[in-house]
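Trainee: I would like to go through this model with you, one region at a time. Could you help me reason from the geometry to each answer?

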Amino acid sequence: MAEVISMEDIRATASTLGIDVSNIDFDSIRLPPGEDFGITSDDDLHEEDPLEYDSGFGNIIVVDNLPVVPREKFEKLEGVVRKIYSQIGVIKEDGLWMPVDSDTQKTLGYCFIEYNTPQEAELAREKTNGYKLDRAHIFAVNMFDDFDRFMKVPDEWAPPETKPYTPGENLQHWLTDEKARDQFVIRAGSDTEVLWNDARHLKPEPVYKRAYWTESFVQWSPLGTYLATVHRQGAAVWGGATAFNRLMRYAHPQVKLIDFSPGEKYLITYSSHEPSNPRDTHRVVLNVFDVRTGKVMRDFKGSMDEFSVGGAGGVSGVSWPVFRWGGGKEDKYFARIGKNVISVYETETFSLIDKKSLKVENVMDLSWSPADPILALFVPELGGGNQPARVSLVQIPSKEELRQKNLFSVSDCKMYWQSNGDYLAVKVDRYTKTKKSTYTGFELFRIKERDIPIEVLELENKNDKIIAFAWEPKGHRFAVIHGDSPRPDVSFYSMRSGSNTGRVSKLTTLKGKQANALFWSPAGRYIILAGLKGFNGQLEFYNVDELETMATAEHFMATDIEWDPTGRYVATSVTSVHEMENGFNIWSFNGKLLYRILKDHFFQFLWRPRPPSFLSPEKEEEIAKNLKKYSKKYEAEDQDVSMLLSEQDREKRKMLKDEWERWVNDWKRWHEEEKAERQRLRDGEASDEEEEYEAKEVEVEELLDVSEEVLSFDLDQE
């Protein structure tokens, strides 16, 4: 960064050089191309890649095949056109022009519409080209800039010029890191940073940093290919081999939320807009984009009431995500809950399967299997309990019901899929006979077994409150926190038992733990029993294979915990919901604190996801068996790093020792230089050795205070 010089200093320097500053036109000064002399421009300070405004005629569209109307109907037609196109973007003031025939005083059947941005104009063209106003008028919409291109089309066809193939950037290049490190992104203040987790060197290594990169939050795509940012004009995705370049933008004004499909093929964006009439509900707009091309594949619009059915979480009354993706990583289907219906769409045509929704009276929740196109549905009790609640499994696209379980006296229900789709746990809160209290049990579905058998699990103490539930990823075990705060119990169960694999069995119960959240390692086996919020960040690292605690620790006021995608490291963080101790800690899987980073105004920490391994299960098993052979290389590297760190520590200690010795030598030199002055102050005594002096006690009397008092004296008393 260049040194900042005040105008006063500039005038003073110019005066010494004999230059009259008043004759200099500073606006005419230009730096050489490609050179900035360390001066940061305003564009770099606030660089957020806004959408282009007023760039040529790219923000103007031409709408053809409009009705030809006389002057008296002109205003009505203009109102209809404006209503259609103002839903897509903001039309500029006087941005709608409908030419009129000077002879007939009728419109010419087309109009020009000018938007604020080229992205809005392009979106309007995509959405309304072919729009059917009525039977005789189907819109033909083109970009204004295209007309110049159309006029240059030659009369005779010529074969296009063949261009040599140039490969694009490898967006998975980060996976080839020789140290097998993982990346993470953090947001603190106005800065967003991507860093390597260099646990060997006990510190993060910077990859990319940018100020004002996003206006609200960032989000990795599910396979880690893209980093998404959110802006007033829409969303954008970034990636690259060595840096984060913008790959695509998705125009959606006032976007608030985004959601990727599991296979990263599609991106759903959401916005809500305040109504002009306060009595009306907010208007919701959802767009489904193709991630690679940026094309809008389907849009959904309606009132907030239409999108508020189902699910527990949401924003401004809308359950998020509105659409749930199914069918594994192939991104074949997505579904949403409506009033008494479930609408399932297929991505080949982005239309409803069989062109109709699935009617399910009073349906409240749905959940896709993570691996297969199977929907789990929950329907509460109807008719005051005359019709029981039920959980149904429905195969898509056939809509065949695979299994159903009726549930009685249900207060609430929540569904949890195991990551491979092998099991489904349904937590059911039931009323007691008096209806004054509830108790909880589990219905466990074995999805991959014949006829999908269901097993009922009830806790030993049926009145225990369920605080948290979590499946072991890719495994057969699950953990439950149950009981009363501040010290509930934690129980571990397995869907297999020693003698019978078809029965659930309890592994152990840990009594009186300060925990209210469960975080399994992505590789299974290890789990963190965490006490967040009121428990002040208590952490217990537990080995479920050995049923033993590996370590206990604390990250005071921790708000978030996230395992890295390999299960080797854990990040705990304190975000800006607390004013103090903002930042994050990195731990090993067994609870050793590796390093700590403090950041003011800390908002986000997200590990970069990894795509599934290309190794076959057989190859993974072979590697596990021969782990010692493979680990020799990494043990040698670890030893080299350890020696390097030891050498760095020795260098640091040597530097501190040298600094101390320099200070001592300086002190001795100053002491010698001041010897004459000390001798003068000591009345000629030259020695600095204390033992050569004779200690004498000297009594000194000092008058501190004097007071006078007159006493009366009676002579008769004598």
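Trainee: Is strand β38 buried or exposed?

Mentor: This is a predicted model, in which local features need pLDDT of at least 70 and side-chain atom pairs count only at pLDDT 80 or more, while totals for chains, interfaces and linings use all residues. Residues are numbered from 1 along each chain as its sequence is written, and side-chain values use heavy atoms, with hydrogens and water left out. Strands here are DSSP runs of E with at least two residues and helices are runs of H or I with at least four, numbered from the N terminus, and buried means under 20% relative accessible area, exposed over 50% and partly exposed in between, with a 1.4 Å probe and protein chains only. Since six of the six residues of β38 (residues 526-531) fall in the first class, the strand is largely enclosed by the rest of the structure, and the word for it is buried.

Trainee: Which residues of β38 are buried on one side, and which on the other?

Mentor: Both faces of the strand are covered. One side carries Tyr526, Ile528 and Ala530, and the other side carries Ile527, Leu529 and Gly531.

Trainee: Which residue is the bridge partner of Leu518 in β38?

Mentor: Two strands pair if DSSP finds at least two bridges between them, and β37 (residues 517-520) pairs with β38 in the antiparallel sense over four bridges. The two form a hairpin with five residues between them, and Gly524 in the turn has a positive phi of about 75°. Within this pairing, the partner of Leu518 is Leu529.

Trainee: Which residue of β39 stands opposite Ile528?

Mentor: β38 also pairs with β39 (residues 538-543), in the antiparallel sense and over six bridges. Here the hairpin has six residues between its strands, with Lys533 in the turn at a positive phi of about 55°. Opposite Ile528 stands Phe541.

Trainee: How are the rings of Phe184 and Phe584 arranged?

Mentor: Rings of Phe, Tyr and Trp (its six-membered ring) pair if their centres lie within 6.5 Å, and planes under 30 degrees apart count as stacked, over 60 as edge-to-face and the rest as tilted; by this rule the count comes to 43 aromatic pairs. Phe184 in strand β7 (residues 183-188) and Phe584 in strand β43 (residues 583-588) are 400 residues apart, so the pair links distant parts of the chain, and with ring centres 5.5 Å apart and planes at 70° the arrangement is edge-to-face.

Trainee: Which residue of β44 stands opposite Asn585?

Mentor: β43 pairs with β44 (residues 593-598) in the antiparallel sense over five bridges. The hairpin that they form has four residues between the strands, and Gly591 in the turn has a positive phi of about 95°. The residue opposite Asn585 is Arg596.

Trainee: What is the relative accessible area of Glu581?

Mentor: Glu581 lies in the loop between β42 (569-574) and β43, and has a positive phi of about 60° although it is not a glycine. Most residues other than glycine have a negative phi, and most peptide bonds are trans. Glu581 is partly exposed, its relative accessible area being 35%.

Trainee: What is the relative accessible area of Asp451?

Mentor: Asp451 also has a positive phi, of about 65°, without being a glycine. Its place is in the loop between β31 (438-446) and β32 (454-458). Asp451 counts as exposed, with a relative accessible area of 62%.

Trainee: What is the omega of the peptide bond from Ile396 to Pro397?

Mentor: Pro397 lies in the loop between β27 and β28 (400-407). The bond leading to Pro397 from Ile396 is cis, with omega near 15°.

Trainee: Which residue has its backbone oxygen 2.7 Å from a polar atom of the Arg678 side chain?

Mentor: Arg678 is in helix α8 (residues 675-681), and at 14% relative accessibility this arginine counts as buried. The backbone oxygen that lies 2.7 Å from a polar atom of the Arg678 side chain belongs to His671.

Terms used: Polar contact = N/O pair within 3.5 Å; in protein donor to acceptor, adjacent residues only side chain to side chain.
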